Amino acid sequence: MSKQLATGLEGQGVLVTGGSRGLGRALALAAARAGARVALVAREREPLARVAAEIRAAGGDAHAIVADVGQRDAVAAIAGQAAAAIGAIDVLINNASTLGPVPLRLLLDTDCEDVERALAVNLVGPFRLTKAVAGPMVLRGRGTIVNITSDAATEAYERWGAYGASKAALEQLGRIWAAELAGTGVRVLNVDPGEMDTRMHADAMPDADRSLLADPVRVAARIVALLMGNDGDGQPRSGSRVAVSAAAATTS
Amino acid sequence: MKPATTYPERRDDVRLLVVDPDGGAGGAMLHETRTPALPDFLAPGDLLVVNDAATLPASLRGHDDSGHDIEARLLAARCGGATFAAVLLGAGDWHARTEDRPPPPELPVGARLRFGALDADIAARDPRSPRLVELRFAVTGDDLWDALYREGRPVQYAYLAHELPLWAVQTVYAARPWAFEMPSAGRPLSWQTLLALRRKGVRWAALTHAAGLSSTGDPAIDAALPLAERYDIPAATVRAVAETRARGGRVIAVGTTVVRALEGAAAKQGGLRAGPGETDLLITPAFRPRVVDGILSGAHAAHESHFSLLAAFAGPDLLAAAAAHADRAGFLTHELGDSMLVLPGALATAHAHPSASQNGR
């Protein structure tokens, strides 16, 4: 990996969920390039193994964990396999999420099971995984949890009901995590990556003009810079919501 | 005393017997309370050391080439990563006590075992028992961890009412998966309790110790337990121990695995140093600890071998009185049971430094 970019995350353990595609893949690549030991989680073995192989081919350290964060019994296994592979986990990025069935539907047409699945993957999974990795972080007195959120958490977009509600709940959970972990050295950030040119975006909005969408590689570089604390205008406070566009980050 | 057969309703609210060889007001040496009150008995400047090993799914079920049912319980990892020491059990499952399980067929070196999708062969046999073997898995690294977590289950106990899932055998600070059974003395510690300790000025530190199996049902192997176990002590923990002792604070180990790691390391040439190591230290009543002043442990009956470990921290008469008290009071034992704190000065501390513990929820 490029020497000049290798600053800030050398030897740190970074766990990324939803690591096989889109932003998760870009985050894993960027963290590895910054010197981190990376564990990536996704449900499908093949695409995940390809990303891990891509990172290793470039001289990085990557370990694939095949699991569904939406399943209760998967979480202790994810935390265990990640710690076995990369040792102490310094950064957890809760990036995996599901839109539910596409095309997106009005709430009146949404099945209850689809809301439950959105909550399981986008809210309860990140809660369980955070609970599993934040304990040892508190004991060591340092660590960062990043929840990848969306403007659908704050804006009432039609047809984004299940997803938007799950992300709003994830953000509130993140704020409460931050309040409870204040003073422990562990910080929690809600990061809104903005609209990106990913498969998830294409699934949700197939008619979007892709030229207006951000490249997840550039967004990932911004988020990894936040982790390294060299983003120019200082570290975002734990519990804050950081809107990252490919151009700049703004904290609210 | 009876084993606890199910998880307590709250992991951090079980009975706690405080055993203080120095005695508190009026000379009382025993005090019964509940685990949320633990911070009352530790003083500002004391250090609580925990074992942060996560518990592995160390039990694998499968069969040999002739179709005999085999259960392998892993008990130590070997260098290189693909080989583990393991105990082999025969037919039946965890509902039966291990000593009542039929032995597995005697398997020669080179015999192949299949645990679901995970293959292994017997790389060596231990002279102490044909059931104590070195298992070499067919895959290594990430593939081995993936297969172990897919095919393995945590070691279960015959007294349980229900099978324990993997998440239920973790402490709240579990990190690297090194433990073959839960380091269960730390099970009643919640963050509520740990943060209350810190507010009071008690420090924490961690080490990782590869807790092995508590029993196997094979008398030849059980007589040799605990086998040598590996540990890793961070530099920050060594510093915290030194600072605590220099300032007259007490070092309290959470569980015998922490005692073994700290005392095993301290007994080596040069004293307590940071880094990885292996210890076969046996804590006997004659053992005089150099580093550890007290221990938080699960409750044990007087006849259990584990109980004699406590004798390093309190005299035999006091321990007999503690066991009798726990028995009378109906304390529950084993992995999911009640707790005991053996710590000189614990009761005087509760008097001098009552904790502002915020146990209201």
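Tutor: Let's start with a term: a residue is buried if 20 or more other C-beta atoms lie within 10 Å of its own. Keep in mind that this is a predicted model.

Student: Okay, so which residues are buried in helix α1 of chain B?

Tutor: In that helix, residues 141-151, you'll find Trp145(B), Asp146(B), Ala147(B), Leu148(B) and Tyr149(B) buried.

Student: And what do the buried residues of α1(B) pack against?

Tutor: Partners from both chains: β3 (61-66) and α3 of chain A, plus β10 (118-126) of chain B.

Student: How should I read a nonpolar core?

Tutor: The general idea is that nonpolar side chains tend to be buried together in soluble globular proteins. Here, the largest nonpolar core has 186 residues, and among those with the most contacts inside it are Leu27(A), Val38(A), Val49(B) and Leu341(B). Helix α3 (residues 74-86) of chain A gives this core its largest share, 11 residues. In chain B, domain 1 (2-55 + 164-352) and domain 2 (59-151) each supply at least three residues.

Student: Which residues is Leu341(B) in contact with, leaving aside neighbours within four places in sequence?

Tutor: They include Leu16(B), Val18(B), Leu38(B), Phe41(B), Leu296(B) and Ala346(B).

Student: Now a polar one. Why does Gln12(A) count as buried?

Tutor: Because Gln12(A) has 23 other C-beta atoms within 10 Å, and the cut-off is 20 or more. Gln12(A) sits in the segment before β1 (13-17) of chain A. Skipping residues up to four places away in sequence, Gln12(A) touches Ala36(A), Asp90(A) and Val91(A).

Technical notes:
Residues numbered from 1 in each chain as written. Chains lettered and ligands numbered in written order. Predicted model: local features only at pLDDT ≥ 70, side-chain atom pairs only at ≥ 80, totals over all residues. Core = buried A, V, L, I, M, F, W, Y, C linked by C-beta atoms within 7 Å. Buried ≥ 20, exposed ≤ 12 C-beta atoms within 10 Å, placed from the backbone. Helix = DSSP H or I, 4+ residues; strand = E, 2+ residues; numbered from the N terminus. Domains from an automatic or database assignment. Contact = placed C-beta atoms within 7 Å.
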